[in-house]
Amino acid sequence: MRSFACFLTALVAASHAFAAEVVTSTRAERQSVAVTVYNDGRGLIREERMLDLPAGISAVRFMDVAEKIEAHTVRVAVLDGPGATVLEQNYEFDLLSPQKLLEKFVGQTLTLVQRRIVNDSDIEESVDAKLLSINEGTVWRIGDRIVANPPYHRLLFPSVPENLISQPTLVWLVDADGAGSRRLETAYLTGGMSWQADYVLAMDLDETGGALQGWVTIENQSGAGYEDARLKLVAGDVHRAPVEAPAHAQALGARALAAAPMQEEAFFEYHLYSLPRPTTLKQNQTKQVQLLDAPRVALDKDYVLRGTGGYYRGPWSDPRGRERIQVFLKLRNSEDAGLGTPLPKGIVRVYKNDRTGSPQFIGEDRIDHTPRDEVVELELGNAFDLSANRKQSDFERIAQRIFESSYEVRLRNAKETPVTVRVVEPIGGDWAMLSHSHPFEKTQAFEATFTVPVTPGEETVLRYTVRVTY
């Protein structure tokens, strides 16, 4: 019976909303605010405010919300104080602007303040004019004349229409059990918020390790600011409903985490990062916060020569000539390697000091979300002092679709230190390695990887013969 009575009350109150007492709530009543930012362009805003309500029906103007609020995701709960029921909610976003004022006053008389110069002095004159149209400019009736786009210094309006507001506002029709102060929690999703991770890896001189720092960059274009907010970031691919289906705020259970540069914990199938201190996110602000600081992580350098796989079906000559050898850095995301924390996707930029001690940029690569104990592989470019050439040294058709091919891959090392090159050869069809000068591994169904050491200032030749059946 209570719910039915509330429904009847809502119908009556909605038709006589102008008679309800109006209560205005601004950020001045805000007790706390928490912001959770997702990497899909949305943010979850959760705030608590103290609100004095009269008994019965009242209209609450809940101001200072985000301009890009997704109004259908709003959740309201009374935490302390007498109970109250939200019967109706409206999101008012018909914002006050000169153009909106003109739209509201079409057909009414306004005052145009015009300037003219008399005896080298500026004189202001006020003229009453009726606004007839604002299509592609303004049209006025001034006296007995129709004037288009008359010049004026100022335009005076008699009032601000009630249905125009200065900022986005939630308007609730509330039925309160009794008069008194209440602590309300409001949560909603908004667009215009995003974050990304960036990493800086400072490599040691011996190139076996380095210091890794992670930073998050938060963008706030939501249309509101959040002072002393508890900040959280969600890393992961959160599914969004199709546009035609209503969205729901599924992460309202998030809670604050313990102190650290940013404390991380598993959260559903994602990872949640929390700043242990309050911070302020201003509107139209870019903020950077440290994510992690690992003073020493172990690194491995990997040299890779990749073939194309298109030269096993017949006689072939290399049209490319000299081939480049790629350089990769590998680091294991584990505690024993100096790391061991889930890494949000982002860009890793790598630096190394030159002989004078000045840091130089040596490459960058983008990583995906990386859990603990996975390997992070960074492609930095091509090795200047390493090169390769390949040629087909023999070819024979054994049967209609069976071929045997022999190859030579010449690797040259102009560095002062020895290197090991992984030669990755894609081989289509059903294949078998008949002979090889260096160890190899069948790394995939259609791929063989050779491990070839190359001494400084010398050339090493990889030779192998493969039988392929198509």
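Trainee: What makes residues such as Phe450 and Leu462 contacts of His438, leaving aside its neighbours within four places in sequence?

Mentor: In this predicted model, contact means heavy atoms within 4.5 Å, and His438 meets that condition with Phe450, Thr451, Val452, Pro453, Thr460, Val461 and Leu462, once its neighbours within four places in sequence are left aside. For one of these, Thr451, the C-alpha atoms are separated by 6.6 Å, although Thr451 and His438 are 13 residues apart along the chain.

Trainee: Where does His438 lie, and why is it called buried?

Mentor: His438 lies in the loop between strand E28 (430-436) and strand E29 (440-444). The word buried is used for a relative accessible area under 20%, and because the value for His438 is 15%, it is called buried. Across the protein chain, buried residues make up 42% of the 470 residues.

Trainee: How do you know that strand E23 and strand E24 are paired, and how do they run?

Mentor: Two strands pair if there are at least two bridges between them, and 8 bridges join E23 (residues 346-353) to E24 (residues 359-367), so the condition for pairing is met; the two strands run antiparallel. As one example, Ile347 has Arg366 in E24 as its bridge partner. The hairpin of E23 and E24 has 5 residues between the strands, and in this hairpin Gly357 takes a positive phi near 90 degrees.

Trainee: What makes the lining of the largest cavity nonpolar, polar or charged?

Mentor: The lining consists of Tyr199, Leu212, Leu331, Leu343, Val348, Ile367, Val376 and Leu378. Because Val, Leu, Ile and Tyr count as nonpolar, the division comes to 8 nonpolar, no polar and no charged residues. About 40 Å³ of space lies in this cavity, and the structure holds 1 cavity of 30 Å³ or more.

Trainee: How much space lies in the largest pocket, and how does its lining divide?

Mentor: About 680 Å³ of space lies in the largest pocket. Of the 22 residues that line it, the closest to its centre are Glu207, Lys301, Lys352, Ile362 and Lys415. Since Glu and Lys count as charged and Ile as nonpolar, both kinds appear among the residues closest to the centre, while the lining as a whole divides into 10 nonpolar, 4 polar and 8 charged.

Trainee: Which strand supplies the largest share of that lining?

Mentor: The largest share, 7 residues, comes from E25; strand E21 (300-306), strand E22 (323-332), E23, E24 and strand E25 (375-399) each supply at least two residues.

Key
Residues numbered from 1 in each chain as written. Predicted model: local features only at pLDDT ≥ 70, side-chain atom pairs only at ≥ 80, totals over all residues. Heavy atoms only, no water. 1 Å grid on protein atoms, 1.4 Å probe; cavity = no way out; pocket = protein on both sides within 12 Å on 5 of 7 lines; lining within 4 Å. Points joined across faces, edges and corners; volume = space filled by probe spheres on them. Buried < 20%, exposed > 50% of the residue type's maximum accessible area, 1.4 Å probe, protein only. Helix = DSSP H or I, 4+ residues; strand = E, 2+ residues; numbered from the N terminus.
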